[in-house]
Structures are given as C-alpha cells and as structure tokens.
Amino acid sequence: MSADADRKAGGEAVFDLRSVCFAYDWEHVGGEQTVSGAARTDPLLVLSDISLEIAKGERVVVLGHNGSGKSTLVKIMGALQTPTRGTCFVCGRDSSADASEIHRIVSIVFQNPETQIIGAIVEDDAAFACENQGVPPPEIETRISAALGRVGLLAKRGALSSALSGGEKQRLAIAGALAANSDAMILDEPTAMLDPEGRRNVESVLNELDKTVVQVTHRLDDIAGDVRVMVLSGGKWAWRGSAEEFWDAAESLGFRLPPLVALARRLGAVATVDDVAEKLAAKYKGSPPRKPEKRRRPPSEALFAVNDLCYSPVPLDAKVLKNVSCVIPRGRWTSILGRTGSGKSTLVQHLNGLYLAQSGDIEFDGMPMPKDGAALRDLRRRVGLVFQTPEDQFFSPTVREELAFAPLNWGFPKEKVEACVASAMEAVGLDEDYLERGPLMLSGGERRLVAIASVLAAEPECVVLDEPTAGLDERYRAKIVGLLARLSAEGKTVVTVTHDFEMAFEMSDRLIVLEDGVKVYEGGVEDGLPVLLERQEAFMPDVLRVAHLLRKRGVDVPLTWDSEQLLD
C-alpha cells in the first residue's frame, strides 16, 4: 500500500468523507430478524468508518465483492442517502444539508439503468438533466448530440427508450450524465451490461473526461491509466493505492487478474493486444501442445425450433429480429452472443411466451408454441426466465416469499415448497440469513443471485438466463457458472445470453450469434471462433484476439481464449 494512499492527489477536494458509517435497521431491510428466537436490535452495518478525499480531476476506481457496501457509498457521495454517522462534503458542502445543490454538481449512473431513464424518447432522456438546469435549447442540442455520439447512440436519438436493449439503456444513462456536464461523475458498474467493444469505448470516454470520476466496478479491466484504486471489504477499506501497486497486490486481495494483464505481466509487455502478441511471437520456438478439445456430447433433439422469426417493438418500426431461424437442443447448454442491441434478449423472451411471434413461428417440444390458456401456463412452468435486470421480476417483500411464489403458484405442497426454497438458496450460495430480507435492499450482485434462485425454486426443465454473471464478483461468478454446469450435466436445457465469453466458450455445447437482428452463426464453439473473429474481432476477448493476431503473423497457435495455453 502506498504511503500516500490516504491522501488526495492534490488541489481542491471534490469529495471529502470523514468517518462515514451507514447502517439499516433490520425492519428496513425486510422482515423481522431473530437470533436464538429473539428479535434483533443491532443495526445492519453496511459502511464503517469510511474516510476519503478525492481531488478535482482525479479518477478513482472502487472495487469490492458483492455486498461490500459499494452502492451505498455511491448513494452517500451523491447525496441520495445520509450517513448514520460521520460527514460527507462535496465541493465543501455538507451532503446532509445541501443535497439539491450537490445534485447539480454530481451526476450518477446507477447499476441498473432502468431506475434513471425518464424520457420516453432517447433524445428526451439525454436532455432531461440539461432541461432541469435551465440550459438554453441550442446548447442542449449541442450537448445531447455530442453525448449520444460518444456512446454510440446518435443514430437512435429518435427511438423509444423502452425499445433499447439493456446495454443500450446503460449507454443512454451514461449519455445523460455526460450531457449534464457536471463537475463530477459517479458510475456504479457502468459497463456491466456492455459487450467488450462497448466497454472499451466507455472506458475511452471516461479517460478523456476533464472532470472528477468515481467508478464502482467488479471488472479489473476497467482499471486503466492514471487512476487510484480503493478496495472495500465488509464496509471498510481493505486496500488503497495506485493502479500499478494494485496489480502487485490484486491476487493477495482475492482478485483474479484479467487475462491480458496476466499475460502482459509475465511477458514484461504493455497490456495491449499488439504488444502482448509481439512479445509472444518473439518467444515462439515451435508448435505448442494443443489443448484437448472439449468433450463433445452426442446430438440432441430440438426443445425449441425457431423458424423465420421477426419482431419489431413498434409496428412499422425497424425490426429487432429479422427472419431468425435456429434450434435450441434439449439437455444442452446454448449461449447466444452478439453486440449490444443485436436482438439477443428479444429472442430469448420468445422462448417462454413473454413475447409472441409477430412473424414466423416457434415450436416447443415438437408442438407449435402456445399463445394462451393452460398450454401457455404449462410452458412457463417448464421454461424459467431470469431477466437481465433482476428488479424486473421482484414483487415480494422478502426473499423467502420471492422464492416460494412460483412453487406455490404451481401447487407444490408446503413441505416441497420449503425444500425447493432451501435447495435454490444453497445452489446460488446464499445463506438463510437472506431469507427475511427485502430483495430490493440487497446489493446488485445479490439481487441477481436471488433472481436465479427464484426461477430454480420452481424446478423448471429449461432455464433461460439473460446476462447471468453481469455484476457479479469472481467468487459469485464461479458459483453461477458451476451451478449452470451442474444443471446442464443433470440434463436440463440451459440457455444463456451473455457477454461472458470465457463462460460461453468453455462451457457451452452450442453458440448462436446475432448481428443487427440477423443470425450469422449457429453451431459448435470451435467452428464458430473463426466466424466470430472475421465478423466481430473487436467484440472478442483480448486473449483470443492475441491468438488471432499471432496466426496472422504465421505463428502456429490454436485459436484460444485461454492465456495459459498461449504460454504452455
């Protein structure tokens, strides 16, 4: 840890937190909590003795495992919550006494963009903060055009906000914050729903900003340039220092280095695709050992057969899906890939009848997809869907009731319901202390785990998950990947929409790749990699891009996303 880690970088302090603590009472987090039969009176401590100074123009990255207090810290710094104890000053103003002025100084981008999108039309939403500030209309037009252009949404400025994909909504929230032109920006997991190319674009924008930026993230790839790194654990600072110092300490703090960073550090290279490829090419001495191919499972009959499916959210508007035909095999793991806005979520929301086919058709288990009545109800019992944003499917006051709802709805006896709830909690790695808490009072990662558990509790034969690992730290991500692998091994059909390529390439039996609403590939992982690299190289994982670049230079390496294989 740097000796200067606790000091601001110099200049005026934009944020100055002094011994900040924050706690909820148990009733607030949902339901009564007991210890040995007695009601709990001790508060649920979320932040403890947090002190921090951030200078004007400084960029700070806050890391921490799920539930460590990061999102609560964001709300306090943005004057959306008041510390239980201690004081938070923003540009010299006490956040507890001058919240309205601080809201003009600080823009916040939340973990779930749905919570802050106000305007029905993209450009109206981007302009919302400017209009509230009384910015003249000509300047508003200049600001929103620039902001939408920087996040790649200028072509969709007239589109319905509700018709955007999850990743596009996240970019819209960032555009609104950029257009506000505040002195400081706080971003809570701003790239969680974005594809790799989109993440790099957002990081480039943040690095270019001449303002104070605080970014909360699970992604170590977000640490770039001259940033200060802060690690939260259990509501307290566990580590603080520079980015370079962090890479030396990361593994001892329980973090896994990004594959490209790990490769670069072992090779003495800069953590860029070009430099790592150059250093590897210089070390190449012959054909490397080939990694054994993943065991191929025998072909399976189709559970879903999609034929010429088209979908448009608004009649006569541009199609989100364009004559998509594909097969989802029974008892196999299929991953659906594609850039943000390519139609992935729209496709899978047809699989349990949430969306009905406007054109084309879908067969389920050899029969036409039901549209109503008992047959549609049976489909939704057999096919469980976990949304991209967990809050979209929560409506019960406690986690216990949330998990029990579906099995009760399907008529499971009481004893069976209790067993299903316990089994689902164990599967996602949450202990029983969470059962009486309110789902909406949990951290973003914890909410995702509860959403998955709520679907598993109904014991579906097919599980469809939209970005199941987004917003999770490495520990919980490993639990989810392991859980889905077990479900697939047990014969359940698993469908994942994901930007987690390591999971998709390593665990999937099949890939379906969409591009601008059109299917461009369907088949096995090994055969799909050359197609993906040809059409969407910038969208691919860094290590796979390194391998592809080496092959272009005549180095005989396999197309791999595994950094250890390149170093064999």
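In this predicted model, strand E18, which covers residues 383–386, and strand E19 pair in the parallel sense over 4 bridges. One of the positions that can be followed by eye is Gly384, whose bridge partner in E19 is Val463. Strand E19 also has a partner in strand E20 (residues 493–497), to which it is joined by 5 bridges, and these two strands likewise run parallel. Here Leu465 has Thr496 in E20 as its bridge partner.

How many of the 5 residues of strand E19 are buried? The count is 5 of the 5 residues, in a strand that runs over residues 462–466, so E19 is largely enclosed by the rest of the structure. In a regular strand the side chains alternate between the two faces of the sheet. In E19, Cys462, Val464 and Asp466 point one way, whereas Val463 and Leu465 point the other way, and all of them are buried. Beyond this strand lies the loop between E19 and helix H16 (474–489), and Glu467 is found in that loop. Glu467 is not a glycine, yet it has a positive phi of about 55°. Residues under 20% relative accessible area are called buried, and because the relative accessibility of Glu467 is 3%, this residue counts as buried.

**An open antiparallel sheet**

Another part of the chain holds an open sheet of 4 strands, in the order E4-E1-E6-E7, with antiparallel pairing. Strand E4 (44–55) and strand E7 stand at the edges of this sheet, and each has a single partner strand, so one side of each is left without a neighbour in the sheet. The table lists the pairs of strands in this sheet, with an example of facing residues for each.

| Strand pair | Number of bridges | Example of facing residues |
|---|---|---|
| E1 and E4 | 8 bridges | Ala13 and Ala55 in E4 |
| E1 and E6 | 5 bridges | Arg18 and Thr87 in E6 |
| E6 and E7 | 2 bridges | Val90 and Arg93 in E7 |

Strand E1 covers residues 13–24 and strand E6 covers residues 85–90, while strand E7 is made of residues 93–94. Strands E6 and E7 form a hairpin with 2 residues between them. Which residue in the turn of this hairpin has a positive phi? It is Cys91, with a phi of about 50°. Cys91 has its place in the loop between E6 and E7, and its positive phi is found in a residue other than glycine.

**Two helices and what covers them**

Helix H19 (542–552) has 8 buried residues among its 11, so this helix is largely enclosed by the rest of the structure. The buried residues of H19 are Val543, Leu544, Arg545, Val546, Ala547, His548, Leu549 and Leu550, a list in which Arg545 and His548 appear beside residues such as Val543 and Leu544. The cover over these buried residues includes helix H7 (196–208), helix H9, helix H10, helix H17 (501–507), helix H18 (525–536) and helix H20. Helix H19 is followed by Gly554, whose phi is positive and near 90°.

Helix H10, which runs over residues 273–283, has Val273, Asp275, Val276, Ala277 and Leu280 as buried residues. What covers the buried residues of H10? The cover includes helix H9 (259–267), helix H19 and helix H20 (563–566). Helix H19 thus helps to cover H10, and helix H10 in turn is part of what covers H19.

**The chain as a whole**

The protein chain has 20 helices and 22 strands. With 568 residues, a compact globule would have a radius of gyration near 24 Å, and the protein chain agrees with this, because its own value is 24 Å. Along its principal axes, the C-alpha trace spans about 65 × 65 × 55 Å. Buried residues make up 55% of the 568 residues. Among the contacts with a separation of 6 or more, 69% are between residues 24 or more positions apart.

The surface can be described in a similar way. The protein chain exposes about 24000 Å², and carbon and sulfur atoms supply 49% of that area. The chain has 65 positive and 84 negative charges, and the mean positions of these two sets are 3 Å apart.

Terms used. Residues numbered from 1 in each chain as written. Predicted model: local features only at pLDDT ≥ 70, side-chain atom pairs only at ≥ 80, totals over all residues. Heavy atoms only, no water. Rg over C-alpha atoms; globule rule 2.2 N^0.38 Å. Buried < 20%, exposed > 50% of the residue type's maximum accessible area, 1.4 Å probe, protein only. Contact = heavy atoms within 4.5 Å. Areas by Shrake-Rupley, 256 points an atom, 1.4 Å probe, with all protein chains shown as cover. Lys, Arg positive; Asp, Glu negative; His and termini not counted. Charge placed at Lys NZ, Arg CZ, Asp CG, Glu CD. Pairing = 2+ DSSP bridges.
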